Amino acid sequence: MIDAPPSLLSALRGDPGRRPAADPALGAGVRALLEDELFAVLGDSPRRLVVTPASVRGLAGVADITASRRARLRGALVGTGLRVILGGGRPAGRASALWASWISEAPAPLAALAVDLPSPERQRLLEVVDEDLAALARAIGVLPSSWARRTGARAEVRVRAGTVVLRDAVDLVLGSTRVATRDVVLLDVVTSPLGEGTARLRDYHALVETLRTGVAPLRTAILSAPTAEWSIADVDFALLARAARHVADIAAEGGAR
Amino acid sequence: MSLRVERLTPGTMDRLVADASPGAVLPEGAAARLVGRLDELARGAGTLDAWAIEHAGHVGADFAWTARRARRRVGHGALARVRGGRVASAVDGVADELDDLRARGATGQVHPRSLAAWVHGLDEVGTALVTAAAVAWCAEVDDLAGGVGASWRVATDAVVRSRPGGLVLRARRDLVIPHEGRSVVVRVRSGHPGPSAGPGLRAELAVAALARADGRAPARLIGAWPEAGLALSVDGDEAAVRAGARDLLRAARRLGGARLAA
């Protein structure tokens, strides 16, 4: 772990001259480890499972439907706002415009939740999102145009002969897998304070990225929009093994919780 | 005819390009006969592409531009600018591409449902979302192409029209990689490959051969699914081109049948 970094992006990217070489064996080893962990809990069962960021955080079974709905909408809007920031826009104070843009391309179930939201509740949500985005813009700053970046990066990796699906979405991926050193860093934004669940999510992102590309990322981070706190971890075998074990735990409990 | 499925790791693209054999050549007159037959079966205007093959000839719902849908077109233009040395980064390339589209949209001389008209009508938030999506697309494609040396170029789609107002055959292409006198075509897709992804690729292979004056198929057609970390590829041999042509005929028949029923 890195203590008190001077700024989020500089801590994430670090010193390019000190990055370790990309190790293809690490990616292959992690896949083998995950397959073994899954076999240990599932055996030969043909059961199909889907693991999602929500199941990794332990949120899929949240009992308060209203709170869950607000949180999902807030998360989606903040994610869209981050894309606006990284696309050169200024979303702070423009949550209404953001809402209109987001709803035009939101997945149908989420768009339906948004449409059903009572007007006063929607107004409160937009005020909170405005505050989140102002904090985010301060934390992110300006990315140099030369940095390769992917926003809203989705992944769907299948393991155990396709019966276990790992779905993921990371708000920002910086760097490239085509260089000789480990260059990729991951940043995800959450709308809750940091905790055990977000730490598991941070590690899960690194696991899925490793399985997807065959190259372990350099670092993985989670930024809490409301508190502007972040947690960064260097990615190594121990972190990836921990994430693989957690996926196996979820599989043992029945997949998407 | 072989369909290969591989994990998309650094080095995969390089391998797939290096061991591609020269593509098959359509016999003389075969292209015109096939296009004529497809037009006849489809009974009118329409488009046949990999989507139609993968979705059993069903025509998609009404199209509307979104940032995600625009990213490929805008990203292609931006990457071409970067590759041509006109701009230093994908971010600058996307900004220039959007400026050009906006200017074209402002003339009013474009179709109201065109990308230029849509971009012209975007507010700051919408523009930023398209920028972010297109820059991400550029990073994805650049990552893929990075392993195949310096010779790759951004490709335009292969399009064959049976006649004015007739059937349009379209093979989407994102990259063309020349290698020892052959060309390998790469198509970048979203999500995870479905069970019909192979037939979709073969149909695109056939259309790519039909679109060339000499009737030569690409040496290999690679479908890259970066989100799934997978690459599917078909060799441009005669069996694959024939299989692609058969799938196109089936899809045209369904299209024509649906028209008759309507």
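This report covers one strand of chain A, the overall form of chain B, and salt bridges in a predicted model.

**Strand 5 of chain A**

Strand 5 of chain A runs over residues 219–224, and six of its six residues are buried. In a regular strand the side chains alternate between the two faces of the sheet. Here both faces are covered: Arg219(A), Ala221(A) and Leu223(A) are buried on one side, and Thr220(A), Ile222(A) and Ser224(A) are buried on the other.

Strand 5 of chain A pairs with strand 4 (residues 185–190) of chain A in the parallel sense, over six bridges. Within this pairing, Ser224(A) of strand 5 has Val190(A) opposite. Helix 8 (residues 196–213) of chain A joins with strand 4 and strand 5 of chain A in a right-handed β-α-β unit.

Strand 5 of chain A also pairs with strand 6 (residues 230–234) of chain A, in the antiparallel sense and over five bridges. Ile222(A) has Ser231(A) of strand 6 as its bridge partner. Five residues lie between the strands of this hairpin, and Ala228(A) takes a positive phi near 60°.

**Chain B as a whole**

Chain B contains nine helices and nine strands. Its radius of gyration is 19 Å, which agrees with the value near 18 Å for a compact globule of 262 residues. The C-alpha trace of chain B spans about 50 × 45 × 30 Å along its principal axes. Of the 262 residues in chain B, 54% are buried. Contacts in chain B between residues at least 6 apart in sequence join residues at least 24 apart in 71% of cases. The accessible surface of chain B is about 11400 Å², with 51% belonging to carbon and sulfur atoms.

**Salt bridges**

Over all chains, the structure has 35 salt bridges. Three of them are listed below.

| Acidic residue | Basic residue | Closest N to O |
|---|---|---|
| Glu124(B) | Arg90(A) | 2.8 Å |
| Glu156(A) | Arg167(A) | 3.6 Å |
| Glu227(B) | Arg68(B) | 3.3 Å |

Glu124(B) forms a salt bridge with Arg90(A). Glu124(B) lies in helix 7 of chain B and Arg90(A) in the loop between helix 4 and helix 5 of chain A, so the pair joins two chains. Glu124(B) is partly exposed at 25% relative accessible area, whereas Arg90(A) is exposed at 55%.

Glu156(A) and Arg167(A) meet in a salt bridge. Glu156(A) is in strand 2 of chain A and Arg167(A) in strand 3 of chain A, so the pair ties together parts that are eleven residues apart in sequence.

A network of salt bridges links Arg4(B), Glu6(B), Arg15(B), Asp19(B), Arg220(B) and Asp235(B).

Note on methods:
Residues numbered from 1 in each chain as written. Chains lettered and ligands numbered in written order. Predicted model: local features only at pLDDT ≥ 70, side-chain atom pairs only at ≥ 80, totals over all residues. Heavy atoms only, no water. Buried < 20%, exposed > 50% of the residue type's maximum accessible area, 1.4 Å probe, protein only. Helix = DSSP H or I, 4+ residues; strand = E, 2+ residues; numbered from the N terminus. Pairing = 2+ DSSP bridges. Right-handed = clockwise from strand over helix to strand, strands pointing away. Rg over C-alpha atoms; globule rule 2.2 N^0.38 Å. Contact = heavy atoms within 4.5 Å. Areas by Shrake-Rupley, 256 points an atom, 1.4 Å probe, with all protein chains shown as cover. Salt bridge = Lys/Arg side-chain N within 4 Å of Asp/Glu carboxyl O.
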